Amino acid sequence: WHHGLFTLTLLESIRDLRYRNDHNGPAPIPLSQLRKKIYEKVKRLTKGLQNPTSRQENGWWDWSL
């Protein structure tokens, strides 16, 4: 985790979600999916010792990357 666990999971999650449909090319990434994937990875890699937090999601504005 040279640059930190959050950075590692952020980069891996973007890669995983961006190319989830390889046959269709890069796909937009809804922030809610990115957040969920980062949380899951951090919890798994730390065996539950770290739990990321963020502001509450706004269901109307699920922006995409």
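Q: In this predicted model, which residue's backbone oxygen lies 2.8 Å from a polar atom of the side chain of T46?
A: Let's start at T46, which sits in the segment after α2. A polar atom of its side chain is 2.8 Å from a backbone oxygen. The residue that supplies this oxygen is V42.

Q: Is T46 buried or exposed?
A: The cut-off for buried is under 20% relative accessible area. T46 has a relative accessible area of 9%, so T46 is buried.

Q: How does L45 count at 30% relative accessibility?
A: L45 is found in helix α2, residues 31–45. Buried means under 20% and exposed over 50%. Because 30% relative accessibility falls in between, L45 counts as partly exposed.

Q: Which helix do the buried residues of α2 pack against?
A: Happily, we can list the buried residues of α2: L34, I38, Y39, K41 and V42. In an α-helix there are 3.6 residues a turn, so residues three or four places apart point the same way. The packing partner of the buried residues of α2 is α1 (5–18).

Q: What span does α2 reach from its first C-alpha to its last?
A: This helix has 15 residues. At 1.5 Å a residue, 21 Å is expected, and the model comes close to that. The span reached is 21 Å.

Q: What is the area of the nonpolar surface patch that includes L31?
A: L31 lies in helix α2 and is partly exposed, with a relative accessible area of 33%. Its partners in the patch are W60, W61, W63 and L65. Together these residues make a nonpolar patch of about 720 Å².

Technical notes: Residues numbered from 1 in each chain as written. Predicted model: local features only at pLDDT ≥ 70, side-chain atom pairs only at ≥ 80, totals over all residues. Heavy atoms only, no water. Helix = DSSP H or I, 4+ residues; strand = E, 2+ residues; numbered from the N terminus. Buried < 20%, exposed > 50% of the residue type's maximum accessible area, 1.4 Å probe, protein only. Patch = residues over 30% accessible without salt bridge, like charges linked within 9 Å, V, L, I, M, F, W, Y side chains within 5 Å. Areas by Shrake-Rupley, 256 points an atom, 1.4 Å probe, with all protein chains shown as cover. Salt bridge = Lys/Arg side-chain N within 4 Å of Asp/Glu carboxyl O. Polar contact = N/O pair within 3.5 Å; in protein donor to acceptor, adjacent residues only side chain to side chain. Expected span 1.5 Å × (residues − 1). Contact = heavy atoms within 4.5 Å.
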